[in-house]
Amino acid sequence: MKAQFYQFNLGGRQLGWPAKVLLGVLAVAGLAVLLSVGLMAAVFAVAAFAITRLVIGLRRSLGLAPAAQETSRERRVAVPAEVDVAGESVAREIEVEVLPAKREK
């Protein structure tokens with residue numbers, strides 16, 4: 001059985017100077033389009049970031065931003081400061097400590 005050999009010559013023919021100039025212009029135009037699209041994307045990203053920061057700052061300064069969430073794990077329980085003394089109720093102080101949960105493997 002004979003092995004078949006295929007050879008592809010992409011640059012077998014010599015291009016004339018008009019074709020070389022045209023290919024060079026097309027290559028430069030393609031690179032310019034790619035660069036301009038990339039630069040426009042970068043400019044739009046920076047502009048979007050700046051606008052969101054500006055809007056967040058404006059909302060905070062106008063008091064429209066939601067209140068900051070409490071980040072600690074400790075939860076506070078609202079206890080009324082005044083106790084109704086007219087009724088027959090007993091007021092006790094209760095202190096609760098929240099311990100971190102142990103992880104099981």
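Which residues form a nonpolar patch on the surface? I looked them up in this predicted model: Leu15, Leu22, Leu23 and Leu26 make up the patch. Together they offer about 400 Å² of accessible area.

Next I picked Leu23 out of that group. Leu23 sits in helix 1, which runs over residues 17-62. I get 49% relative accessibility for Leu23, so I log it as partly exposed, given that exposed needs over 50%.

Then I checked the helix itself. I count 46 residues in helix 1, and its first and last C-alpha are 66 Å apart. That is close to the 68 Å expected at 1.5 Å a residue. Right after helix 1 I find Gly63, with a positive phi near 80°.

Last, the whole chain. I see one helix and zero strands in the protein chain. I looked for buried residues too: 0% of the 105 residues count as buried. For the accessible surface of the protein chain I have about 11800 Å², with 63% of that belonging to carbon and sulfur atoms.

Methods. Residues numbered from 1 in each chain as written. Predicted model: local features only at pLDDT ≥ 70, side-chain atom pairs only at ≥ 80, totals over all residues. Heavy atoms only, no water. Patch = residues over 30% accessible without salt bridge, like charges linked within 9 Å, V, L, I, M, F, W, Y side chains within 5 Å. Areas by Shrake-Rupley, 256 points an atom, 1.4 Å probe, with all protein chains shown as cover. Salt bridge = Lys/Arg side-chain N within 4 Å of Asp/Glu carboxyl O. Helix = DSSP H or I, 4+ residues; strand = E, 2+ residues; numbered from the N terminus. Buried < 20%, exposed > 50% of the residue type's maximum accessible area, 1.4 Å probe, protein only. Expected span 1.5 Å × (residues − 1).
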